[in-house]
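Me: I would like a close look at a single part of this structure, the sheet that is shared between the two chains, together with what packs against it. Please take it step by step and keep the reasoning explicit.

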Amino acid sequence: MSSNTAILSSFVEGAPPGELADVIADIKALTVSEPSVLEDLAPAFQKYNEEQFITAKLPGGSSQVIISEFSSLGEGRYFDSESQSSFEFDHSTGKASGVQSFVLEGEQASLVKSTLSTVGTYVKEHYPNAAYGAYAIENDTKVAVVIVANKYSPNNFWSGRWRSFYVYDPSSGSLEGSIKVDVHYYEDGNVRLLTDKKVNASVSGGRAADGIAREISTAEKKYQEDLNRSFTQLSEGAFKALRRQLPVTRQKIEWDKVASYRLGQDIGGGASRR
Amino acid sequence: MASQDPFDSALDLLRRLNPKHTTDHLSNIISIHPDLAEELLSSVDQPLTVQRCKQTGRDYLLCDYNRDGDSYRSPWSNQFDPPLDEAGAGGVGAGGSNEGAGEGAVPGERVRKMEIKANEAFDVYRELYYEGGVSSVYFWNLDDGFAGVVLLKKASPQGDATTSGVWDSIHVFEASERGRTSNYRLTSTVILTLATKGPSLGEVDLSGNMTRQVELDLPVESDESHIANIGRLVEDMELKMRNLLQEVYFGKAKDVVGDLRSIGSLSQGQKDRETQRELIGSMRR
């Protein structure tokens, strides 16, 4: 891999929610002299799509299917448990094709089906527009749950993505995963919120599918409340401490007299009154 | 379709990639497209670096406008560090012109006098608004007036292991003198980085930059009134931008998260709205 490919791959990896096509257009314009570089970026596109839980619609279908390491069958094919189908995914165009039947069978099949139902109920209660999936993974020994919600508003210069995943281990009852939020605002500027929260929970008692949905619901509710609280704390704390809205005197500076502030005894009492 | 101008594409890319690492992205773009180096370095704002003035012991800020080659001019002593090679007569650096800032452009006597006053004034401003931090003002001559940059930087104390913040203000202006009035064109950028973490919160990073412009004609009686005019312009702009940053960093970000996921139940919210609608409907009847 040339150093240019490494750099361009890092640009792909850093694309904000819903803005990959814009980033690719910029890369093309910066590398017009060597159009072949885009072919070298195929692994970067695959990594981006799988890590960001990019969604696609199956030909003729209406629901969203999710691209992730959990739904990967290798060789560019992925599967969707809900529709019990597998499909080919083109990482550079984002299009799904070549749909085949993919029947759920094996040890975790019934847990996957019931988890799709319980998690589906939870997702519909808290996400106005999200895709979700459940997948048997690691040789049919564990079940992964993926949730992704996107909202893109290019006309208002912002976009956002909430993505979470959880891996349930039936042998120990542990549920481990992470929640990541990515918000981009870019009107006359570039502001980015990036968060990462690890989740460690355990499912006990009752039906596993109910416990999985319950633990996810509890963790995500608590996380959103914690995150909202951190906005307030940053605003009231670190942000205020960097720059005051007004001087301690609560008056703007009298610039015609600013030279006398220097000589004057009192620089607004800033240091002494705190 | 005509291909995009590489410079515009580079700026577009910098507007999309994580603003916390603008300096890295910038050097990466330049390594891919070296022709863009000069134009990008002079138009993309990066976090400011602090240096201590050897003559006065005071801290000052480094930017493209007080740079000559690898040397930077201190606003407090007017000296370059490291000192400029005497052979570079007229202060013109290697291969550079002497127009505008940088390349050893030391302001003329009158403009340097204003620069000294402006540094004193913004030092007061810094203390009143930032209660710490570093400020520097650099002026340079223009054909029909002068131009300058007002720089302010403040970092939160390093002792706090969970929360950190850095604020950089970069205000570039041009003053065109037209008799008893002067036309001021101000372009202001604030770069603000905030980060916090905790066992229950995980990691949260809020970073970015915003740029705003304003143009205004103001009366000028003396060189002192230039300093007062620039002071008011920068003070008003920073107040506006601080409010804007507060709105975007904390309000907008929270709203978007709330648009993605609702803390309350959506079906309950729907029911509540229907009940309210029925109630309003029955009151109208």
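Reply: What follows starts with the confidence of the model, goes on to the shared sheet and its strand pairs, and ends with the packing around one residue.

The model is predicted, and it scores ipTM 0.92 and pTM 0.91. Chain B has an average pLDDT of 90, with 92% of its residues scoring at least 70. An exception to bear in mind is the stretch of residues 87–103 of chain B, where the pLDDT is below 50, although this stretch has 32 contacts in the model beyond near neighbours in sequence.

The sheet in question is open and is formed by 10 strands, which follow one another in the order β7(A)-β8(A)-β9(A)-β10(A)-β11(A)-β10(B)-β9(B)-β8(B)-β7(B)-β6(B), with antiparallel pairing. Its edges are β7 (130–137) of chain A and β6 (134–142) of chain B, each of which pairs on one side only. On average, and with direction ignored, neighbouring strands of this sheet are turned by 10° against each other.

The place where the sheet passes from one chain to the other is the pair made by strand β11 (residues 189–202) of chain A and strand β10 (residues 202–219) of chain B, which are joined in the antiparallel sense over 8 bridges. Within this pair, Asp196(A) has Glu203(B) as its bridge partner, while Thr195(A) stands opposite Val204(B).

On the chain A side of that junction, β11(A) also pairs with strand β10 (residues 174–185) of chain A, again in the antiparallel sense, over 12 bridges. Two of the facing positions can be named here: His184(A) has Arg192(A) as its bridge partner, and Glu176(A) stands opposite Asn200(A). The hairpin of β10(A) and β11(A) has 3 residues between the strands, and Asp188(A) takes a positive phi near 50° in this hairpin.

The junction belongs to a contact between the chains that takes 68 residues from chain A and 68 residues from chain B. Helix α6 (residues 208–242) of chain A gives the most to the side of chain A that touches chain B, with 15 residues. By class, that side of chain A has 34 nonpolar, 16 polar and 18 charged residues.

The helix α6(A) is also what ties the contact back to the sheet, since its path can be followed over strands of both chains. In chain A, α6(A) lies across β8 (142–153), β9 (158–169), β10 and β11. In chain B, it lies across β7 (145–155), β8 (163–178), β9 (181–198) and β10, and it runs at about 50° to β8(B).

Between this helix and the sheet, Leu175(A) is a useful residue to examine, and its place is in strand β10 of chain A. Leu175(A) counts as buried because 23 other C-beta atoms lie within 10 Å, where the cut-off for a buried residue is 20 or more. Leaving aside neighbours within four places in sequence, Leu175(A) is in contact with Tyr166(A), Tyr168(A), Ala201(A), Ser202(A), Val203(A), Ile212(A) and Glu215(A). Leu175(A) and Arg214(A) are 39 residues apart in sequence, but the two are 11 Å apart in space, taken from C-alpha to C-alpha.

One of those contacts, Ile212(A), leads on to the nonpolar core. With the same neighbours in sequence set aside, Ile212(A) is in contact with Thr115(A), Thr118(A), Val119(A), Val145(A), Tyr168(A), Leu175(A) and Val203(A). The largest nonpolar core has 115 residues, and those that touch the most other members are Val145(A), Val146(A), Ile212(A) and Ala253(B). Helix α5 (residues 223–260) of chain B gives the most to this core, with 15 residues. A second, separate core of 15 residues includes Ala15(A), Val23(A), Phe45(A) and Ala10(B). As a general background, nonpolar side chains tend to be buried together in soluble globular proteins.

How values were computed. Residues numbered from 1 in each chain as written. Chains lettered and ligands numbered in written order. Predicted model: local features only at pLDDT ≥ 70, side-chain atom pairs only at ≥ 80, totals over all residues. pLDDT = per-residue confidence, 0-100. Contact = placed C-beta atoms within 7 Å. Helix = DSSP H or I, 4+ residues; strand = E, 2+ residues; numbered from the N terminus. Nonpolar A, V, L, I, M, F, W, Y, C, P; charged D, E, K, R; others polar. Pairing = 2+ DSSP bridges. Core = buried A, V, L, I, M, F, W, Y, C linked by C-beta atoms within 7 Å. Buried ≥ 20, exposed ≤ 12 C-beta atoms within 10 Å, placed from the backbone. Axes fitted to C-alpha atoms, helices over the stretch in contact; angles between N-to-C directions.
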